[in-house]
Amino acid sequence: MTVDKGRFAPSPSGRMHLGNVMCALLAWLSVKSKGGTLVLRIEDLDTARCKKEYARQLMDDLRWLGLTWEEGPGKNEPDAPYFQSERTEIYENTLDRLREKAMIYPCFCSRADLHAANAPHLSDGTVLYQNTCRGLTASEQAEKNKKRPGALRIAVPDEDICFTDGHLGAVCQNLKRECGDFILRRSDGVFAYQMAVVADDACMGITEVVRGQDLLSSTPRQIYLQRLLGVKTPSYYHIPLLVNEQGVRLSKREKSLDMQELRKRYAPSELLGELAALCGLQQKPYAKTPQELAAVFDWGKIVREPIVVPKRIQNE
């Protein structure tokens with residue numbers, strides 16, 4: 001019998017924030033309520049922004065909260081390494097496998113090129129790539145490469161990718177019209193999130209992914225890559241984002257909501273109780289341990305709309 005395996009995969013670009021804690025909590029509760037295990041993976045592909053010190057702080061904060069992991073740094077490590085910055089060989093091999101299944105080509109477009117005035121934009125403001133470099137000949141690619149290295153894009157078909165989100169229900173995206181050929185490796189050589197997480201989830205046997213709704217549109221791209229690679233698609237649960245009373249998404253710039261400040265104002269069970277009330281798991285912010293919350297966890301209780309964080313939590 002396959003054991004459910006979830007993961008919490010933060011990027012250590014600063015101190016963990018209230019929104020990160022909400023994601024960690026729901027990922028932990030979801031898999032623990034099924035009797036499964038949690039993997040901690042550190043998504044530090046962008047080494048210029050992600051620091052080992054931030055990762056150490058993050059792990060200390062998770063232990064303080066009681067949201068411990070069974071696999072990952074400092075624990076059982078059957079699929080090590082658990083830092084993406086150390087998994088380059090795995091990504092190179094994944095890229096080679098994808099080359100056998102689909103068209104992958106260099107793209108030399110600059111950011112200014114992509115954001116040209118006539119470039120079509122999706123509803124969320126994302127630029128829809130127009131396959132500008134897909135038809136370049138080998139000699140044209142070589143000439144452009146002399147001026148700047150190219151990113152690597154994968155050609156997508158005119159195809160609908162549909163899945164059922166465990167929290168939000170049915171989701172469909174047409175790859176050609178709503179996504180476009182997307183990047184697998186940046187021009188600076190850094191592998192893109194879309195491919196790295198697919199490779200990692202497959203290698204680590206992840207069966208469920210809990211993450212923010214801001215990543216919902218990424219999922220069809222990842223399912224497309226999973227199908228090309230012949231690996232299983234995990235169950236996905238996309239959770240609402242935290243916003244202020246004006247509806248603006250909270251960010252790491254809100255220093256009153258990072259773990260340095262939150263640990264001064266709350267005991268672990270108090271903070272988890274506040275989050276459980278905000279997301280709908282309990283009616284009032286009663287202090288609770290992770291184990292107590294896991295005993296009553298149900299995705300049907302979790303709200304779907306953005307979560308408004310009251311001023312008493314923001315400004316205490």
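**Helix α3, the annotated binding site, and Glu 274**

I'll start with helix α3, residues 88-99. At 1.5 Å a residue, its 12 residues should span 16 Å, and the end C-alpha atoms are 17 Å apart, so the expected and modelled values agree. Keep in mind throughout that this is a predicted model.

Which residues of α3 are buried? They are Tyr 91, Thr 94, Leu 95 and Leu 98. Around the helix axis they cover an arc of only 100°, which means they sit on the same side of α3. As for what that side packs against, the buried residues of α3 meet three strands, β3 (104-107), β4 (151-154) and β7 (182-185), and two helices, α7 (193-203) and α8 (219-229).

Next, the annotation. An unreviewed UniProt entry gives the feature "binding site" at Arg 7, Phe 8, Ala 9, Pro 10, Ser 11, Glu 43, Tyr 193 and Arg 211. Of these residues, Phe 8 is included in the lining of the largest cavity. I'll take two of the annotated positions in turn.

Phe 8 is in strand β1, residues 5-8. Its relative accessible area is 5%, and buried means under 20%, so Phe 8 counts as buried. What does Phe 8 contact, once neighbours within four places in sequence are left aside? The list is Met 16, Asn 20, Cys 23, Ala 24, Leu 38, Val 39, Leu 40, Arg 41 and Leu 62.

Glu 43 is in a loop, the one between β2 (37-40) and α2 (52-65). With a relative accessible area of 7%, Glu 43 is buried as well. Not counting residues up to four places away in sequence, Glu 43 touches Ala 9, Pro 10, Ser 11 and Pro 12, together with Cys 50, Gln 84, Tyr 193 and Val 197. Among those partners, Ala 9, Pro 10, Ser 11 and Tyr 193 also carry the "binding site" feature in the UniProt entry.

Last, a glutamate elsewhere in the chain. Glu 274 belongs to helix α10, residues 268-279. Is Glu 274 buried or exposed? Its relative accessibility is 10%, and the cut-off for buried is under 20%, therefore Glu 274 counts as buried. Which residue does its side chain pair with through a polar contact? That is Arg 312, and the contact between the two side chains is 2.8 Å. Setting aside neighbours within four places in sequence, Glu 274 is in contact with Arg 312, and also with Tyr 266, Pro 285 and Ile 313.

Technical notes. Residues are numbered from 1 along each chain as its sequence is written. This is a predicted model: local features need pLDDT of at least 70, side-chain atom pairs count only at pLDDT 80 or more; totals for chains, interfaces and linings use all residues. Side-chain values use heavy atoms; hydrogens and water are left out. Helices (H or I, at least four residues) and strands (E, at least two) are DSSP runs, numbered from the N terminus. Buried means under 20% relative accessible area, exposed over 50%, partly exposed in between (1.4 Å probe, protein chains only). A polar contact is a pair of N or O atoms within 3.5 Å; within protein, one must be able to donate a hydrogen and the other to accept it, and residues adjacent in sequence count only if both atoms are side-chain atoms. Contact means heavy atoms within 4.5 Å. The expected span of a helix is 1.5 Å times one less than its number of residues. The arc is that of the directions from the helix axis to the C-beta atoms. UniProt positions are given in the numbering used here, feature names are shortened, and annotations may be inferred rather than shown by experiment. On a 1 Å grid over the protein atoms alone, a cavity is a set of points where a 1.4 Å probe fits but cannot get out, and a pocket is an open set with protein on both sides within 12 Å along at least five of seven lines; lining residues have an atom within 4 Å of a point.
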